[in-house]
Amino acid sequence: MKQFGVPVLVACNRFTGDTPAEIEAVRAACTAEGVELVLCEVWEKGGEGGVAVAEALLKLLDGTKAAFKPLYDAKLSIKEKIDTIARKIYGADGVRYAPGAERALELIPALGLADAPVCMAKTQYSFSDDATKLGAPTGFTLNVRDVIPSAGAGFVVALAGDIMTMPGLGKSPAAERIRLHPDGTIEGLF
């Protein structure tokens with residue numbers, strides 16, 4: 001299978017607690033999409049645990065000519081780039097900009113970033129900006145509350161909805177379950 005003209009390979013990091021049924025469910029989902037699944041065990045076996053993925057990737061790339069093309073033309077305005085991402089990737093009906101985002105969009109060209117690519121920052125739970133609309137909802141407008149230049153990196157970040165730009169944690173971070181005992185043993189790492 002190809003997405004945007006690029007061949008797809010799914011690498012699944014297998015953990016010791018994964019059951020055969022769980023692995024088979026992931027494999028079946030990949031097969032249904034026409035995608036190859038390769039299991040790796042990096043956490044357990046270090047670099048050796050990723051060899052199967054590397055070999056599968058080399059096989060996939062050998063003799064394959066990618067037909068990748070960018071989603072949007074770099075000469076589009078930042079607003080047009082955001083709209084293209086929202087509609088073509090997320091399935092939004094449109095984009096609504098908060099006043100702060102509108103002001104930021106006016107300043108972007110003066111910073112020399114008019115042709116910059118756009119990085120979207122939004123909830124990981126949904127293609128929308130609303131974390132309660134799980135998955136790929138339809139019939140929504142993407143709400144952009146701010147647009148921040150990342151001049152050093154050479155891109156612009158569109159903040160959609162109530163999102164923090166710090167790396168996210170799961171609902172129950174593993175760090176909450178780790179215990180260091182007085183004898184030096186650690187519980188809850190794996």
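Visitor: A residue counts as buried under 20% relative accessible area, as exposed over 50%, and as partly exposed in between. Which of these words fits A74?

Guide: Welcome! Keep in mind that this is a predicted model. You will find A74 in the loop between α3 (51-61) and α4. The relative accessible area of A74 is 38%, which falls between the two cut-offs, so A74 is partly exposed.

Visitor: Which residues does A74 touch, leaving aside those up to four places away in sequence?

Guide: Let's start with one residue that is far off: the C-alpha atoms of A74 and L57 are separated by 29 Å, with their positions 17 residues apart along the chain. With residues up to four places away left out, the contacts of A74 are K81, A114 and D115.

Visitor: Now to the sheet. In what order do the four strands stand?

Guide: The sheet is open and its pairing is mixed. At the edges are β5 and β6 (118-121), each of which pairs on one side only. On average, neighbouring strands are turned by 40° against each other, direction ignored. Reading across, the order is β5-β7-β8-β6.

Visitor: Which residue in β7 is the bridge partner of V95?

Guide: Here we look at β5 and β7, which pair in the parallel sense. Four bridges hold this pairing. In β7, V95 has as its bridge partner L142.

Visitor: Do β7 and β8 run parallel or antiparallel?

Guide: These two strands form a hairpin, with four residues between them. In the turn, G154 has a positive phi of about 85°. Among the bridge partners, I148 is matched with V157 in β8. Six bridges join the two strands, and their sense is antiparallel.

Visitor: And which residue of β8 stands opposite V118?

Guide: For this one, turn to β6 and β8, which run parallel and are joined by four bridges. Strand β8 is mostly covered, as five of its six residues are buried. The residue of β8 opposite V118 is V156.

Visitor: Two helices lie against these strands. At what angle does α4 run to β5?

Guide: Helix α4 lies across β5, β6, β7 and β8 (155-160). Its direction makes an angle with β5 of about 130°.

Visitor: At what angle does α5 run to β7?

Guide: Helix α5 lies across β5 and β7. Relative to β7, helix α5 runs at about 40°.

Visitor: Why are the buried residues of α5 said to be on the same side?

Guide: In α5 (residues 99-107), the buried residues are A101, A104 and L105. They share one side of α5 because the arc they cover around the axis is only 105°.

Visitor: Which residues are exposed on the other side of α5?

Guide: The buried residues of α5 pack against α4 (78-88), β5 (94-97) and β7 (141-150). Away from them, on the other side of the helix, the exposed residues are P99, R103, E106 and L107.

Visitor: How far is K122 from the centre of the ring of Y90?

Guide: Picture the flat ring of Y90, with K122 lying over its face. From the ring centre, K122 is at 5.0 Å.

Visitor: One last stop: which residues does I186 touch, apart from those up to four places away in sequence?

Guide: You will find I186 in strand β10 (residues 186-187). Its C-alpha atom is separated by 48 Å from that of Y97, 89 residues away along the chain. With residues up to four places away left out, I186 touches I178, R179 and L180.

Definitions and conventions. Residues are numbered from 1 along each chain as its sequence is written. This is a predicted model: local features need pLDDT of at least 70, side-chain atom pairs count only at pLDDT 80 or more; totals for chains, interfaces and linings use all residues. Side-chain values use heavy atoms; hydrogens and water are left out. Buried means under 20% relative accessible area, exposed over 50%, partly exposed in between (1.4 Å probe, protein chains only). The arc is that of the directions from the helix axis to the C-beta atoms. Contact means heavy atoms within 4.5 Å. Two strands pair if DSSP finds at least two bridges between them. Axes are lines fitted to C-alpha atoms, for helices over the stretch in contact, and angles run from 0 to 180 degrees between N-to-C directions. A charge sits over a ring if NZ of Lys or CZ of Arg is within 6 Å of the ring centre and within 35 degrees of the ring normal.
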